[in-house]
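The exercises below are to be worked with the sequence and the 3D model open. Try each task before reading its solution.

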Amino acid sequence: MNKLFAICRETAWCPGCGNFGILNALSQALDGLGLEPKDVLFVSGIGQAGKTPHYIKGNVLNTLHGRTLPTATGAKIANSGLTVIAIGGDGDGYAEGGNHFIHALRRNIDITYLVHNNQVFGLTKGQASPSSDPGMMTGTTPWGVYNEPFNPLAAAISMNGSFVARSFAGDQEHLAKTIQAAVKHPGFALVDILQPCVTFNKINTYQWYRARVYDLNQDPDYDFTNRRQAWEKSWEWGERIPIGIFYRSERPTLCDQLPALKNGPLVRQPIPCPNIDQVLAQFR
Ligand SMILES: Cc1ncc(C[n+]2csc(CCOP(=O)(O)OP(=O)(O)O)c2C)c(N)n1
Ligand code: SF4
């Protein structure tokens, strides 16, 4: 297999960070799909996860914290021929960018969204995030997290997200396979990735996850087209944690429905060249 998406720079991540497993799986997945870096755009915001596009070959659009999804949406509409992969942390996607997450699900824009879910704000030194487990003590929650955690899978299934999956940074094969399925899916594809932050999250470690995760798609009775079953499964957390494709359905994507894209990607369409004198005459 060609290694076109080879990892191309030294990283600024801590040794042992779960982001390495995600980066390797992403590169493996894209090589396996036969894509070329020139046809792939990685979009990210700010955070440790947001650095991922800097370390892999492809086009990169690095935007503001929490604005990964609207930026990726704009890029996909401008050049619908690109494979667009949005990447961010749980803070970027479920806190600052939480509103955008909901609307990307509604629009069913054809992008893959990888959320490196380490249950903390890693870059800013380990504050609690929306997915921190209750009771977790951090710099901003010295008496423990009081709030109910945000459940991205349940939220996505409730909003009729068309592809909803979870994987684990410590299982590269499973993650690469899940990313491939997400990229191939026509529509908005969420992959929430359990990502150990070895520096600031001493609870949800590799060991902790390894003792709990299981592949729900190995269960012959699990039907990922059954939305109710998927929603119920999305609440399983604690002693056992399911990974795999929770829910999948097909409906028109945003780009399928935009009249301006009927003749192909906007960037390939001729730009109407107005007569500048006539335009200026309108303002006289
Ligand atoms: C609008 C805005 N708010 C806050 C910040 C500060 N900030 C930068 S990264 C970050 C959180 C990063 O956490 P997460 O998105 O979970 O990514 P991680 O670093 O854990 O991969 C915050 C709060 C910012 N850069 N911009
Ligand atoms: S602080 Fe956590 S998320 Fe950031 S690089 Fe280190 S281990 Fe990874």
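**Exercise 1. Is lysine 125 buried or exposed, and where does it lie?**

Step 1. Lysine 125 counts as exposed because it has 12 C-beta neighbours inside 10 Å; the cut-offs are 20 or more other C-beta atoms within 10 Å for buried, 12 or fewer for exposed, and partly exposed in between, with C-beta atoms placed from the backbone.

Step 2. Lysine 125 is in the loop that links strand 5 (120-121) to strand 6 (127-128). Helices (H or I, at least four residues) and strands (E, at least two) are DSSP runs numbered from the N terminus.

Step 3. The phi of lysine 125 is near 85°, a positive value in a residue other than glycine. Most residues other than glycine have a negative phi.

Before going on, note the basis of the numbers. The model is predicted: local features need pLDDT of at least 70 and side-chain atom pairs count only at pLDDT 80 or more, while totals for chains, interfaces and linings use all residues. Residues are numbered from 1 along each chain as its sequence is written, and chains are lettered from A and ligands numbered from 1 in the order in which they are written.

**Exercise 2. Treat asparagine 108 in the manner of Exercise 1.**

Step 1. Asparagine 108 sits in the loop between helix 4 (98-107) and strand 4 (112-117).

Step 2. Its phi is near 55°, again a positive value in a residue other than glycine.

Step 3. Asparagine 108 is buried, because 25 other C-beta atoms lie within 10 Å.

**Exercise 3. Describe the sheet and place strand 7 in it.**

Step 1. Eight strands make an open sheet with mixed pairing, in the order 2-1-3-4-8-7-10-9; strands pair if DSSP finds at least two bridges between them.

Step 2. Strand 2 (59-62) and strand 9 (213-215) are the edge strands, each pairing on one side only.

Step 3. Strand 7 (residues 163-168) runs parallel to strand 8 (residues 189-194), and six bridges join them. Arginine 166 has aspartate 192 in strand 8 as its bridge partner.

Step 4. Both faces of strand 7 are covered: Phe163, Ala165 and Ser167 are buried on one side, and Val164, Arg166 and Phe168 on the other.

**Exercise 4. Which residues have the most contacts inside the largest nonpolar core?**

Step 1. A nonpolar core is a set of buried Ala, Val, Leu, Ile, Met, Phe, Trp, Tyr and Cys residues joined through C-beta atoms within 7 Å.

Step 2. The largest such core has 58 residues, and those with the most contacts inside it are Ala86, Tyr113, Val164, Ile179, Phe188, Leu190 and Ile193.

Step 3. Helix 1 (residues 18-32) gives the most to this core, with six residues.

Step 4. A second, separate core has seven residues, including Trp13, Cys17, Val120 and Cys197.

**Exercise 5. Compile the surroundings of the two ligands.**

Step 1. A residue is near a ligand if its C-beta atom, placed from the backbone, lies within 6 Å of it. For ligand 1 there are 20 surrounding residues, the closest being Gly47, His65, Gly89, Gly91 and Gly122.

Step 2. Helix 3 gives the most to the shell around ligand 1, with four residues.

Step 3. By class, this shell around ligand 1 has five nonpolar, 12 polar and three charged residues. Here Ala, Val, Leu, Ile, Met, Phe, Trp, Tyr, Cys and Pro count as nonpolar, Asp, Glu, Lys and Arg as charged, and the others, Gly among them, as polar.

Step 4. Among the residues around ligand 2 are Trp13, Cys14, Cys17 and Gly122. The shell around ligand 2 divides into six nonpolar, five polar and no charged residues.
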